[in-house]
Amino acid sequence: MGNRIPDEIIEKVRHSTDIVEVVSEYVQLKKQGRNYFGLCPFHGESTPSFSVSPDKQIYHCFGCGAGGNSITFLTNIEGISFFDAVNKLGEKANISLKEYEPSSSSEPISTTTTSMIEAHTYLAKYYHHLLLNTEEGKEALQYLLDRGFTLEAIEKFGIGYSLERWDAVTNILQRRGYSLSLMEEAGLVIRREQDGNYFDRFRNRIMFPIHNLQGKVVAFSGRSLGEDTPKYLNSPETTIFTKGRILYNYHQSRAHMRKKQRAILLEGYADVIAAYKAGYEETIATMGTALTEEQAKTIRRTVDQVIISFDGDAAGISAAFKAANMLIQVGCEVKIAQLPEGLDPDDYVKKYGAEKFRTAIIEASLSFMAFKLYYLRQGKNLQDESVRMKYIHDVLQEVAKLNKPIEIEHYINTLSKDFSISVEALQAELSNIHRQTKPTEVVKVRRQTPSFSTKKTRLAYENAERILIAHMLQNADIARKVQEKLPGLFHIQEHSEIIIHLYAYYEEGNYPDVSNFLGRLPNASLQNLVTEIALINVNPDVSEQEIKDCIQAVIKHEREMLLKQRMMEVEEAIRQQDRERAKTLQYEIQQLLLTIKS
């Protein structure tokens, strides 16, 4: 136990893994040429600059510079250790790493974050056990079954029950060695000011575990069984739980969202469970707050299309409008599934059934433009001429943002028919709006294609070094040839570090394999640079002359640098009136000029 994972086992895991499949669990990828592209999960962007190479089994973001192989990707995206990343990939490939698990004696003391997550994970199992397997949980279980929850749904969403006691969880956590002050920070217990003692935050409640994007339990939401207030009690925000970053059920729905190529966005966990019972597994929900930009970007990295189904009241309609605009800003296509006033998805499924929810609500979703017309109409007396004129103007302003002529014509004709105004008059007004609107004010949502316009201009010798490294990563013979012709290092320090490691890699008898080589590099900055250079499109059948030209460019720069140094030394010799030294240096300069020109 606790032995280092042998290199051959790491390689076996890596070779059994397809990086495209690994990354696709977190990023929506589209094939373009030999590689796949998507929105980078490591920084916010609206134009896809994140590239994955199935041939080289590496990824690289041309925006933020992040790069690596499948193992690196997991460690960065999930914030897990190297062992955990290899183990996770190994499990998928049926490769056991049990004998290499870190022993308890060799493991570092759990961090605050780790302890918080461990406690939440344990309590989620504890609450679930109480609901399904104990006498105390029978009433809560019957409560759920009476309200249409199935045992399958209870299992899938890990629903549980907290005892009607003040110290059940407090005592369990203390017995398991958790610091109660830390558990207070985690939101699981509360400290009483009078005597400093701790008591359970959740008592006699149906418990819904809340997971982060990686599937770790980080919070709870508890619904009261009786008349206790509040009806819903949520975990406070902590170091592991921020409402604006988490989407309820994202960890379970991500694969279904990709499969269906859409997400259904709801307002609460009860709505998600109701939609699941209706046959929808691509459902996610906000955490009782307005959709944030970070949440919207998380959705956009996963799918293009989003159906929003919020409550049918005025507040729900307003929230849907704001969420739709946020999603459109990050590049999503949005539809709105409208519910009757006073009903949320959970209420609707209970009242009308799953089939009608599918046919009359989700599959009958409105385009966002059609929803805008409905939204702009809310609360307006269109019999009043001034109100009617303003409404028409507001609608035309929205029509002006559309790109497709067929859509523009459709909504112009609709306005013409609804308000008995000629198409010509509406088109004239639309032209006025176009003239008055600054180009930057017109929101145009287009399919994004990879754009790497941020490439910096490089000097000839720097480009030559990069091209040489790109070939050396693919061909050990070229690496040996460069080592013979250029026994010194490259001019760029990072390039020199890369070739030192690459020479050693080949001397160990390894074959060209960029993904494998990345594991030999000592830091992320070098890994990022290697993935960037490895994705340079170079001809694998490169001629000897091309390699020679690149080597010459590097040597030429070295001579130019030496020439500058000698010229400075000549000036110094003349100042010192050292004629002999100046004469010798001038001869060297003449020789250098000849070699540079040749």
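A cavity is a set of grid points where a 1.4 Å probe fits but cannot get out. With that term in hand, the tour may begin; the model on display is predicted.

**First stop: the enclosed space.** A search of the whole structure yields one cavity of 30 Å³ or more. The largest cavity holds about 50 Å³ of space. To display its lining, select L39, C40, H43, G44 and E45, then add K297, R300, R301 and V330. Colouring this selection by class shows three nonpolar, two polar and four charged residues.

**Second stop: the largest nonpolar core.** In soluble globular proteins, nonpolar side chains tend to be buried together. The largest nonpolar core here has 66 residues; select Y126, I159, L173, F220, Y248 and F357, which touch the most other members. Next, highlight helix α5, residues 112-133, which supplies the largest share of this core with nine residues.

Centre the view on Y248. Beyond its neighbours within four places in sequence, Y248 is in contact with F157, F208, P209, I210, Y269, V272, I273, T283, I284, A285 and M287.

**Third stop: a separate core.** A second core, of 36 residues, stands apart from this one; A470, I478, F490 and V554 are among its members.

**Final stop: H495.** Select helix α22, residues 493-507, and find H495 within it. Is H495 buried or exposed? Its relative accessible area is 2%, which is under the 20% limit, so H495 counts as buried. The side chain of H495 makes a polar contact with the side chain of E465, at 2.7 Å. Leaving out residues up to four places away in sequence, H495 touches E462, E465, R466, I469, F490, L529 and I533.

Notes
Residues are numbered from 1 along each chain as its sequence is written. This is a predicted model: local features need pLDDT of at least 70, side-chain atom pairs count only at pLDDT 80 or more; totals for chains, interfaces and linings use all residues. Side-chain values use heavy atoms; hydrogens and water are left out. On a 1 Å grid over the protein atoms alone, a cavity is a set of points where a 1.4 Å probe fits but cannot get out, and a pocket is an open set with protein on both sides within 12 Å along at least five of seven lines; lining residues have an atom within 4 Å of a point. Grid points are joined across faces, edges and corners, and a volume is the space filled by probe spheres set on the points. Ala, Val, Leu, Ile, Met, Phe, Trp, Tyr, Cys and Pro count as nonpolar, Asp, Glu, Lys and Arg as charged, and the others, Gly among them, as polar. A nonpolar core is a set of buried Ala, Val, Leu, Ile, Met, Phe, Trp, Tyr and Cys residues joined through side-chain atoms within 4.5 Å. Buried means under 20% relative accessible area, exposed over 50%, partly exposed in between (1.4 Å probe, protein chains only). Helices (H or I, at least four residues) and strands (E, at least two) are DSSP runs, numbered from the N terminus. Contact means heavy atoms within 4.5 Å. A polar contact is a pair of N or O atoms within 3.5 Å; within protein, one must be able to donate a hydrogen and the other to accept it, and residues adjacent in sequence count only if both atoms are side-chain atoms.
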